[in-house]
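Please walk through the following structure with attention to how its parts pack together. The account starts from a single residue and works outward to the chains.

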Amino acid sequence: MKTFKIGGVHPQENKLTAGSPIVAAPLPQQAVVMLSQHIGAPAQCVVEKGTPVKVGTLIAQANGFVSANIHSPVSGVVAKVDMAADSSGYMKPAIYINVEGDEWEDSIDRSNTLIKECNLDAQAIINKIDEMGIVGIGGATFPTKVKLMPPPGMKPEVLIINAAECEPYLTNDHALMLAHTDEIMVGIEILMKAISVNKAYIGIEVNKPDAIALLTDKARSHNGIKVVPLKCKYPQGGEKQLIDAIINRQVASGALPVSTGAVVQNVATAYAVYEAVQKNKPLIERVVTITGTSLKNPGNYLARIGMPIEQLIEAAGGLSENAEKIILGGPMMGKATANIQAPTGKGTSGIVVMTQEDAHRQEPSPCIRCAKCVEACPMGLEPYLLSKATAMGNYEVAESHYIYDCIECGCCSFSCPAHRPLLDYIRMGKGKVMGIIRARNANDKK
Amino acid sequence: MNLITLSIITLAVIGAISALILYAIAQRFKVEEDPRIDQVESLLPGANCGGCGKAGCRNFAESCVRASSLEGMLCPVGGNAVMKQIADLLGMEAVEATPRVAVVRCNGSCENRPRINTYEGATNCAIANSLYAGETGCAYGCLGCGDCVSVCSLGAISIDPVTHLPVVDIDICGGCGACARACPRGIIEVRKRGVKGRGVYVSCVNKDKGAVARKACNVACIGCSKCAKECKFDAITISNNLSYIDSDKCKMCRKCVDVCPTGAILAVNFPPKKAVATTESTPQAPDTTEAQNN
């Protein structure tokens, strides 16, 4: 069975909500829409206090090439444009909207009819995706249009759809694949047209046999789309790992993934692209897995963006006494949050509520040089060395050992028997080294 | 001649020839170095803290010897006493510099600033700061992981076990500023050292609006500007909802301390005066529950 070649771990899957249908979450009373929900420059607000908005009204415009439009997820009136504490607790600019009713923009097609034909050409598709504010909603929130416009000289040959969902606990993509298989297939065809390729692979881990069967069945009637079952191994859904697993090509250090000829998009992004292009619907809601052993009603909820995390947890049964840690995203790459009043964003794929015994971090002890982290690293790095170099402030060593290739998957910290906070240090060191490299390049240009 | 004598003579001859060669090379490639550099270096504290702006004590000594005047040269650790000695040795005029000291501008002890969550990541302020706002509601205050403690080469700064805040020992601190550079939140400032270590400063760096800052911490500066109105010496400025006292202008009259509604302005090391509080808040109920973080 196909998988990536080096490293990787297999954490307990804990997919408590596998197979549960998508349920609509209630509307919030006030939506808080952050202006920075994507990688790149924050969007520029185009509404002011008192502006009436409908669902799908453009409220903030992309600010530059690597940025994305933001649309109102609710209907009502803009209460204020002010700072709001995001999930990290830091204040960031946001738009507060008081919700009144649920009135949608007339241009959005809300029917369930499947529209198969797409008559737009590649550039028109990309413009539509840009206009609708679509970003990679697997978690990284990279503006989708940027990935569909590779730099000159690089020609995409194949589209890879990431349906691996290798993170434990999360089942939002799984639920989406079962509920909207046809729409996803059309979304994939639109993406293929946008980058003019005639081959697409859907990479999916074998712990979702029902989804594999369904997709394989549907793929028969679509030319060029092939479903590739993958071994269950984390981080299978990493862009570079997926390219390695499916087309057996490796992304060189520092190169763009498209240099291998593959463009990778998440399966949920493909669905969002279908809705944007065929139904004129901007990215204003998404499936969020709200899960945890202590929750009464864990499940896959269709939630509007800008909904306070607290209310979503409430919808899933509320916090119990022994809840200790709340993670946005999956438990491997997600970030623990201290502020549950913070709103969700385009990239919030899951809310995992962990209990004391699930989540408590152990006291770190000295490194015993067992090299388990080296074995686990899917990028072939030496995490023990990189974390030590960062702790000592020796960024030359960190750079010469390719710290910037780290994908922050957390396999090293997960595998460390001494419970050392390896990734905590490496993540900081990576940021520092990237800064040093940028400064040096800027200096060289002068 | 027996073997032993022969060996001794042979080795002695090899030794003598090698010594001659080495002597000749040493003379030929001799590096002329001012002997005063060594002398100046021996006067310096040898902490290699970098507070003078040079790469270390030796580098500073070299710069002193090479310089035409000692203007702008200061070893912050040795202070004016050491600079006077160096000036005497080099036959130059000593330039009197204001002695400086590191000041921690956060008073968010567990009692003043309640903990609302527990941090479990690596014990490192820079990492905690990059991850989130911290264990309290204040996104500007001290994180308490001790990055400042680990960079101080003099051991002048330590974390108070009760308040979880860094405390500077003003008798040891040389004002080199290593801690101020290490603090990811810019809480530590190197300020003018007053007579007998006295100082008046705003012990807060929170730039949030008054209500938000006050909600997170009892002793936050709310930017009400009462202190600025009270100050007769124009030493106090308010910007971004935060008051700042310029230590070069402050005459230490302590009027601002009395009018501050939240007690964010501290007057330290003054002899006890009727109702003026001293720096370190009196340790209250020992806090064992919070000591288990990380």
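Apart from neighbours within four places in sequence, A:Ser259 is in contact with A:Met154, A:Val251 and A:Ala252. The model is a predicted one. A:Ser259 lies in the loop between α6 and β12 of chain A. With 15 other C-beta atoms within 10 Å, A:Ser259 is partly exposed, since the class of buried residues begins at 20 such atoms and that of exposed residues ends at 12. A:Ser259 and A:Pro151 are separated by 108 residues in sequence, yet their C-alpha atoms are 9.5 Å apart in space.

The loop that holds A:Ser259 leads back to helix α6 of chain A. This helix covers residues 239-247, and 8 of its 9 residues are buried, so the rest of the structure largely encloses it. The buried residues of α6(A) are A:Glu239, A:Lys240, A:Gln241, A:Leu242, A:Ile243, A:Asp244, A:Ala245 and A:Ile246. Against what do they pack? The strands β9, β10, β11 and β12 of chain A take that role. After α6(A) comes A:Asn248, which has a positive phi near 55 degrees.

Those strands form a sheet. In chain A the order is β11-β10-β9-β12, in an open sheet of 4 strands with parallel pairing. The edges are held by β11 (225-230) and β12 (262-266) of chain A; each has a single partner strand, so one side of each is left without a neighbour in the sheet. On average, and with direction ignored, neighbouring strands of this sheet are turned by 25 degrees against each other. Strand β10 of chain A, residues 200-205, pairs with β11(A) in the parallel sense over 6 bridges. One position in this pairing is A:Gly203, whose bridge partner in β11(A) is A:Val228.

Helix α7 of chain A also meets this sheet. It lies across β9 (158-162) and β12 of chain A and runs at about 80 degrees to β12(A). α7 (267-279) is also among the elements that cover the buried residues of α1(A), and α2 (144-148) and α4 (181-194) of chain A are included there too. Helix α1 of chain A spans residues 122-131, and its buried residues are A:Ile125, A:Lys128, A:Ile129 and A:Asp130. An α-helix has 3.6 residues a turn, so residues three or four places apart point the same way. α1(A) is followed by A:Gly133, which has a positive phi near 70 degrees.

Another helix contact can be described by its geometry. Two packed helices are described by the angle between their axes and the distance between the axes. For helix α3 (residues 172-179) and helix α5 (residues 209-219) of chain A, the axes come within 9 Å and cross at roughly 40 degrees. The crossing of α3(A) and α5(A) is left-handed. On the α3(A) side the contact is made by A:His174, A:Met177 and A:Leu178, and on the α5(A) side by A:Asp210, A:Ala211, A:Leu214 and A:Leu215. By class, the residues of this contact divide into 5 nonpolar, 1 polar and 1 charged.

Chain A has another open sheet, in which 4 strands follow the order β2-β8-β7-β4 with antiparallel pairing. Its edge strands are β2 (30-34) and β4 (52-53) of chain A, and each of them pairs on one side only. Within the sheet, β7 (residues 76-85) and β8 (residues 91-99) of chain A pair in the antiparallel sense over 9 bridges. A:Ala84 is placed opposite A:Lys92 in β8(A).

What remains is chain B and its contact with chain A. Chain B has 10 helices and 8 strands. Its radius of gyration is 27 Å, well over the 19 Å that the globule rule gives for 294 residues, so chain B is more spread out than a compact globule. The C-alpha trace of chain B spans about 100 × 50 × 30 Å along its principal axes. Of the 294 residues in chain B, 38% are buried. Among contacts in chain B with a separation of 6 or more, 59% are between residues 24 or more positions apart.

How many residues does each chain bring to the contact between them? Chain B gives 12 residues and chain A gives 11 residues. On the side of chain B that touches chain A, the residues divide into 8 nonpolar, 3 polar and 1 charged.

Key: Residues are numbered from 1 along each chain as its sequence is written. Chains are lettered from A and ligands numbered from 1 in the order in which they are written. This is a predicted model: local features need pLDDT of at least 70, side-chain atom pairs count only at pLDDT 80 or more; totals for chains, interfaces and linings use all residues. Helices (H or I, at least four residues) and strands (E, at least two) are DSSP runs, numbered from the N terminus. Two residues are in contact if their C-beta atoms, placed from the backbone, lie within 7 Å. Ala, Val, Leu, Ile, Met, Phe, Trp, Tyr, Cys and Pro count as nonpolar, Asp, Glu, Lys and Arg as charged, and the others, Gly among them, as polar. Two strands pair if DSSP finds at least two bridges between them. Axes are lines fitted to C-alpha atoms, for helices over the stretch in contact, and angles run from 0 to 180 degrees between N-to-C directions. A crossing is left-handed if the near helix is turned anticlockwise from the far one by less than a right angle, and right-handed if clockwise. The radius of gyration is taken over C-alpha atoms; the globule rule is 2.2 Å times the number of residues to the power 0.38.
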